[in-house]
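This briefing looks at core packing and at helix pairs. Please view the sequence and structure below before reading on.

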Amino acid sequence: MFFQVLFKALTSSNTWETTLTFAALLVLPALGGVISERSGVVNIAMEGMMLTGAFAAVMITLLFSNIGVSNPLSIILGVLAAMLAGGAMALIHAIVSINFKANQIVSGVAINIFALGLTSYLLFVLTPAGQGVPSLPSTLLLPTLSWGPLSKIPWLGTVLFQQNIVFYIAILILIAVQFLLFSTNIGLRIRAVGEHPQAADTAGVNVRLLRYLCVISSGLLSGLAGAYLSIGVAGVFNTNMTDGKGFIALAAVIFGKYTPLGAAGACLIFGLGYGLSLPLADLSSNQYLPTLLSTLPYVFTLIALVGLVGRTTPPAADGIPYDPASE
Amino acid sequence: MAVPVKQTEAPEQRPPASRLGSLARKYGASLGPPVFAVILAMIAGAIVILITWPDKTVSPFQNIFNAYGALFTGSYGSFASISTTLVTVSPLIFASISVAIAFRAGLFNIGAAGQLAVGAMAADMVGLTFTSWPSWVLIPVMLLASILAGAIWAGIAGFLKAWRGAHEVISTIMLNWIAFYGTDYLINSAPFTAPFGINQTIALPPQAQLPFVASLSNQIFGTQLNTFSYTVDVSIFFALIALVIYWFIISRTTFGYELRVIGQNPKAARYAGIPTKRNIFLVMAIAGAFAGLAGSTRLMGQPGYELSATAFSTSPTGFDAIAVALIGQTTAIGILLASLLIGGLRSGSTAMQAIAHVDPNLVLIIEALVLFFIAAEFVPVLRRALPAWLRPRFIPTLQTTTIDRTIVDQPEKDNGDAQNVYPAISELEKEE
C-alpha cells in the first residue's frame, strides 16, 4: 500500500512539476544566502526580503495595470519593484551589519519583523478599507513558458518545458552564481573576504564594497523569489504569506554546504517534500500527515549540522564584522 | 597575581563621586541606550503615521496623538487594561529570560518560539491525558512537563553547539520549524484534537487552570473584583519569581559566574578550567525550560485558550522576547521593564486600531526599529556625532557584537593568551 502510493506519486508528472516549482522558489533566496554568507555576512533575513518582494510585486503590478499600463509591462515593473524592495531590505541589513558592525543575527531578526510589520501595515493603509488586495487575474501573473513541441513530450514536457518563466530564470541564475563564485576572479575575492577579510584587504580587495554587493544581491534574488511567490504561484498577497519559506532557503544554504549547486540540490529535496505532500496525504486517515512531512527539510538540515552526512562548515569569517583596525 | 597583567587600555579615570551619584550613573549608563532607542523608534513610528495618515477624518498630527494616546490608554489606561496587558507580559517575561540567559553565555537562543510551542504542547498533552487528577497534582506535573519539553528541545541545540560545533542560531531556527509543524500535527491528531475539524485541541479540564489573580483576591481578601474585566492569572507571579531566580542564577551562583566568563571570553573560560561544553549545554537547557514555561503558563492561565494549529508559527512572543532581552540589556530588572513596554505596545495596539484606526502592525515596525537602533549601537554613534557639551554621559553596557568579537580579537600568540585571560576575569570581578 505505502510503496504503491509512493511509487505512483514519484512517477507522476504532477509531483515533479510541483517539486520543481517549489525548488525554483526556494533556490533563489538560497543562492542569495550563499552569496551573502560566502562574503562573510550572515543572512537570516531572506524570509523578510521575500515577503517585501512579494508585497511590492503585487502592489506595483496592480498599480500600473490600474492606470492603464499594458499587462506585460506591469508585470515586469512589478518584478523589478519586488527586486528593488528586497534589495532595499538587504541594504538596511548591509548598512547595519557592515558599517555599524552590528550583530548580524539581531539585524536579521529585525529585518524579518520589520518586513512583516511594514507589509501588513502598508497592506492595511494602501488598500480600500484595509481589505487587502484581491486575487490577481491570470493575465497579470508571471507567464508559464511553453516550449512548443518540447512541451508535448509525454512526461518530461509537463515537468520541464511548461514551467513558469521564473523557473528558467532561476536555472540561469544558478549557473551564473556557480560560475561567478568558483570560476571568476571576483568569486575568488568574495570567498577570500568571507574566509579571511584581513588577508583580502591586504591584497587590495575592497572588503566593505564586496560585502555590500553580496548582501544586496541576496536581497535582489530574495525579492525576485517573493515576486514569483505572489504574482507567480499564489496570485495574491496575504499577510505573512512566505510562512517560513525564507527559513527553508536558509536551511538549503547550510544543507548545501554553502555552495550554489549544493543549495540547489537541497532545494530540490525540500521541493520534493511539497510535491509529495498532496499524494501522501491519501496514505493516512489523518489528513494532516503533510504537516508532519513539512518538518523534513529542517530535520535533514539538523542531521547535516550534526555531521552524519558530512559536516557543513560556514566560511571562517561568517558573521564577524570586519574591522580594519582589529589586526 | 603571578602573571603580569598587561593593560591594553587605560581605564577611564573618574572623580570619586557620592554613592548616590555613582548609583545614578550606573543605572543611567545601562538605561540610556535602550531608552533612547525606544524614543527614536517611537518618533519613527509617528513619522510613519504622519506619512500614511490612516485616519483621514482628523489631521495627521491629531492622528499621531490619537494613536499613541490609544496605545497608552489601551495598555495602561485603566486597571482592567493593565490586567489585560499583564496577560501578554507574563509569557513574554519567561521567554525573554530564556533569550537573556543564553545571551549571558554568548549564545543566541532564537528558538524561544519553538521551545514555547513544545512546552505548551507537552503541558496540554499531560492535561488532556490525566483529566481525573486533582488540581494540586495536575498543575505541577503539567508545568514540569513543559519545563522538560522545553529543556530537551533547547538542549538539542546546546548539545549540537557544545559537542558538534553547530551554530546555535541555525539549529534553533530549524528546531523552531520542526516544533511548529510537529505541534500542528499533534493538535490536529487524535486524541487531542477537538471534534468537527476546527484545528484546535480539546479544552483542558477546569482543574488544570491557573486561578485568576482577581478570583484569588476575592477569596482571600474578600474583594469584589470582576473576573471578566480583570483577566490576569497567577502566572504573572510565577513570572516575577522566575525573574528573581534568573537574577540569582546569574549574579549569585558559580554557574552564573562561569556563564558570564564564557559569554565575555570563551578562551579565558577554557583556560580558567571552566567546563565550557557542559555549561553551554546546561544554559541552553535552562533557557528552554523558561521558554517552555512561557507556553504552559499561557495555556493554563487563560480559560478557553486551546492550542490551535499555526498559532505558534504566527505568535509574536518568540521574537518579542529577543527584543525584550536586548532592550532590557539581559538584566532581570531590565527584562521586567522591557516586557512591560513591549507587552504594553502589543496589548495597546488593539485599542489603537479601534480608536485611532491605525493598523496594529505599526507596533511591529516600532519594535524592529528598536532592534536596529540597539543592534547598530546607533545611540552611541549619535552621541559621538553631537558636540561635546551636548553629549549625554552614558556608556553602552551590552555590546551584542562582543559575542563574535571576543573570539577573533584574541591574538593568536604563544604566550599572549595567558596574559590576556586575566584582565577579562578581573574585569568581571570588578563588575560585581
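In which handedness of crossing does H4(B) pass H6(B)? H4(B) passes H6(B) in a left-handed crossing, the near helix being turned anticlockwise from the far one by less than a right angle. The model is predicted, with local features needing pLDDT of at least 70 and side-chain atom pairs pLDDT 80 or more, while totals for chains, interfaces and linings use all residues. Residues are numbered from 1 along each chain, chains are lettered from A, and side-chain values use heavy atoms without hydrogens and water.

**Helices H4(B) and H6(B)**
- Helix H4 (residues 112–129) and helix H6 (residues 168–187) of chain B pack at about 30°, with axes (lines fitted to C-alpha atoms over the stretch in contact) 7 Å apart.
- That angle makes H4(B) roughly parallel to H6(B), a term for angles under 35 degrees.
- Their contact (heavy atoms within 4.5 Å) includes Met121(B) and Met125(B) in H4(B) and Phe180(B) and Leu186(B) in H6(B).

**Nonpolar cores**
- The largest nonpolar core (buried Ala, Val, Leu, Ile, Met, Phe, Trp, Tyr and Cys residues joined through side-chain atoms within 4.5 Å, buried being under 20% relative accessible area with a 1.4 Å probe, protein chains only) has 209 residues, and Ile44(A), Ile231(A), Phe237(A), Ile110(B) and Ile173(B) have the most contacts inside it.
- Helix H15 (residues 362–375) of chain B (helices being DSSP runs, H or I, of at least four residues) gives the most to this core, with 13 residues.
- Not counting residues up to four places away in sequence, Ile44(A) touches residues including Phe247(A), Leu250(A), Ile110(B) and Ile173(B).

Conventions. Buried < 20%, exposed > 50% of the residue type's maximum accessible area, 1.4 Å probe, protein only. Helix = DSSP H or I, 4+ residues; strand = E, 2+ residues; numbered from the N terminus. Axes fitted to C-alpha atoms, helices over the stretch in contact; angles between N-to-C directions. Parallel < 35°, antiparallel > 145°, perpendicular 65-115°, else oblique.
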